[in-house]
Amino acid sequence: MTVTAIPILLVDIIGSALMIVFSLLAIVYARRLNQRDPENLAGIFLLWLSVPLGTLFTLRSAGYILEATFFPAAQPPAPEYLSPLIDGITMLLLVGAASVILFFSRTWNMFRVVFTERNMLRRTRKELIDLNRTLKERVQERTDTLLNHEKQMARADRLASIGQLSSGIAHEINNPLGVIQGYTQLLMRDEDPGSQRYEDLQVILKHAKNCKAIVEDLRSFAKRSLPEKTETSIHDVIHDAILFVQNRVRKQNIRIDTCLDDAVVPMYMDEKKIRQVLVNLVMNACQAVGENGVIEIQTKLDAPARQVHIRVADDGCGIEKKDIERIFDPFFTTKPTGEGTGLGLAVSYGIIRNNGGEILVSSEPGWGSVFTVILPVLTAGNASGYS
Amino acid sequence: MAARPHGSPVGAAVVLFSHLLFIISMAILTGWISRRGDTVRSGWREIRYSAIFFIHWSAFAFTAYLLEDPSGWIAASRIGSWTLYIESAGGHAFLVWIYYLVRLDQLLSVPAMVFLVLGLARLLAQAKLTPPDENDPAGDRTEGVREDGV
């Protein structure tokens, strides 16, 4: 069948010219891509693929153009001795391009795994170096934490023993005090008000009542009774305590700032006792800051631990390190004789423990103190669990 | 251009084998790019198109060689400068037209190379915008290859 060769000739000539241009462009671009980052595996792959492909099509196209120019109507189109050479080059370049693809597609994942592992090792090494650099600090931090825990446990044990002792003493003293009070009141009934004996008996009654109050405080410290829990907003309790204290220290011009966490919801607690603790802490803070001092009360919800942290911080004189260990001991006070019984913090400690919470103190002499009350967030469902 | 006579049957067989291997490898490249999720990414998407065109080009060239040389089903010769005489061994006209069609293989090889150049140019442009990642020298930093290497 005789057919026109024009379409084939046109496509071949124009196509060959274009193939030479684009083949060389492909090699140039692949080379540039590889030069930008010689270690990049994708760049290496594309260069290795482009070079045999570009060479193949450049040689074949150039060959065709030369044939068409010098042997326009020859059949076969080129001298026969060139055929093995052309076949060999074609095979080599085609197989070369195919091998590059097969090699890279097989090794790509392996390379990826190796480099992913290498990156992980680098990250781990960096972390290890960082860890090593901060190891001393971390060890110190952990040691301090352990020591603190140890101290807290020792304190808890000591206070428990003191509480047991106090409870026994309070019980033994409470009965005679009741008898003293009763008989004093009976004797007073027979005396004329205003007489010397009456005034003497009043003094006895007053001191007996003081003793009774101290005994009651001791019992509060040691008591392990069920708290009377009701659903209360801790923020309301804090406001009550602040109001109470501000009335008492108005002359000192003390500023009490609050920073209350809205996430803290009403919870079950012994409202009266917790108020007593907060009043106690704020009063102590007022005494520590003196005139024109600043007290800050913060609340924060620790949702994962189901706890509320109430922080009472002051910028007062602080507490000496030697005193911090004994701060919750009954009858321990740094105040002058007659100004405090030393039972306030001990009672607060007892109340918080009785409510399933914890009370912590940190202080820097000259810079102030921070008391942190940690209370469990109790709902109606688990309110009895912490009694 | 594809269908040029070979010096010997061995030469023709070798070239046919090369084309087969080339088709298989390009098919693997296409699948590999697809599996890596690069088909939607500029650069690799064009390279995949290029591989698809190369597969078809190679299939055309393979068919032209097969018809002409080892099988002898087609005998083609030039008559003058602008005419071609094509003869089918069994007198099948469709073989003649198939042969005529596959002789136009440049219609496939040119787009294949154009797409390869486009893909490389786009990858190069992206590489210029992205600094080399020292932590990932094996990776395709121009495209944000997944760490699992897929």
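**Reading strands, helices and burial in a two-chain model**

Tutor: Start in chain B of this predicted model. Strand S2 (residues 83-88) runs antiparallel to S1(B), and six bridges join the two.

Student: Which residue is the bridge partner of B:Arg78 in S2(B)?

Tutor: B:Leu84. Next, look at the sheet as a whole.

Student: In what order do the three strands of the open sheet stand?

Tutor: The order is S1(A)-S2(B)-S1(B), with antiparallel pairing. The edges are strand S1 (2-4) of chain A and strand S1 (74-79) of chain B. Each has a single partner strand, so one side of each lacks a neighbour in the sheet. Neighbouring strands are turned by 30° against each other on average, direction ignored.

Student: Which helix lies across S1 of chain A together with S1 and S2 of chain B?

Tutor: Helix H3 (residues 93-102) of chain B. It runs at about 135° to S2(B).

Student: How do I read the layout of chain B along the sequence?

Tutor: As a string of elements: α-α-β-β-α-α. The chain has four helices and two strands. Now take contacts between residues at least 6 apart in sequence: 63% of those in chain B join residues at least 24 apart.

Student: What share of the residues in chain B is buried?

Tutor: Buried means under 20% relative accessible area. By that cut-off, 51% of the 150 residues in chain B are buried. The accessible surface of chain B comes to about 6200 Å², and 66% of that belongs to carbon and sulfur atoms.

Student: Which residues form the nonpolar patch on the surface?

Tutor: A:Ile6, A:Leu10, A:Ile14, A:Leu18 and B:Trp82. Together they have about 490 Å² of accessible area. Take A:Leu10, found in helix H1 (residues 6-36) of chain A. Its relative accessible area is 46%, so A:Leu10 counts as partly exposed.

Student: Why is helix H8 (residues 344-354) of chain A described as largely enclosed?

Tutor: Count its buried residues. Nine of the 11 are buried, so the rest of the structure largely encloses the helix. Among them are A:Leu345, A:Val347, A:Tyr349, A:Ile351 and A:Asn354. After H8(A) comes A:Gly356, with a positive phi near 80°.

Student: Which side chains of strand S7 (residues 358-364) of chain A are buried, and which are not?

Tutor: Read the strand by alternation. A:Ile359, A:Val361 and A:Ser363 point to one face and are buried. A:Glu358, A:Leu360, A:Ser362 and A:Glu364 point to the other face and are not buried.

Student: What joins S7(A) to strand S8 (residues 368-376) of chain A?

Tutor: Seven bridges, with the strands antiparallel. A:Val361, one of the buried residues of S7(A), stands opposite A:Phe371 in S8(A). The two strands form a hairpin with three residues between them. In the turn, A:Gly366 has a positive phi of about 90°.

Student: Where does A:Gly316 lie, and is A:Gly316 buried or exposed?

Tutor: Place the residue, then check its accessibility. A:Gly316 lies in the loop between strand S6 (307-314) and helix H7 (321-324) of chain A. Its relative accessibility is 7%, so A:Gly316 counts as buried.

Student: Which residues is A:Gly316 in contact with, leaving aside neighbours within four places in sequence?

Tutor: A:Ala288, A:Val289, A:Gly366, A:Trp367 and A:Gly368. You have met A:Gly366 already, in the hairpin turn. Check A:Ser369 too: it is 53 residues from A:Gly316 in sequence, yet 7.0 Å away in space, C-alpha to C-alpha.

Definitions and conventions
Residues are numbered from 1 along each chain as its sequence is written. Chains are lettered from A and ligands numbered from 1 in the order in which they are written. This is a predicted model: local features need pLDDT of at least 70, side-chain atom pairs count only at pLDDT 80 or more; totals for chains, interfaces and linings use all residues. Side-chain values use heavy atoms; hydrogens and water are left out. Patches are made of residues with over 30% relative accessible area and no salt bridge: like charges are joined within 9 Å, nonpolar side chains (Val, Leu, Ile, Met, Phe, Trp, Tyr) within 5 Å. Accessible areas come from the Shrake-Rupley method with a 1.4 Å probe; for residues, only the protein chains shown count as cover. A salt bridge is a side-chain nitrogen of Lys or Arg within 4 Å of a carboxyl oxygen of Asp or Glu. Buried means under 20% relative accessible area, exposed over 50%, partly exposed in between (1.4 Å probe, protein chains only). Two strands pair if DSSP finds at least two bridges between them. Axes are lines fitted to C-alpha atoms, for helices over the stretch in contact, and angles run from 0 to 180 degrees between N-to-C directions. Contact means heavy atoms within 4.5 Å.
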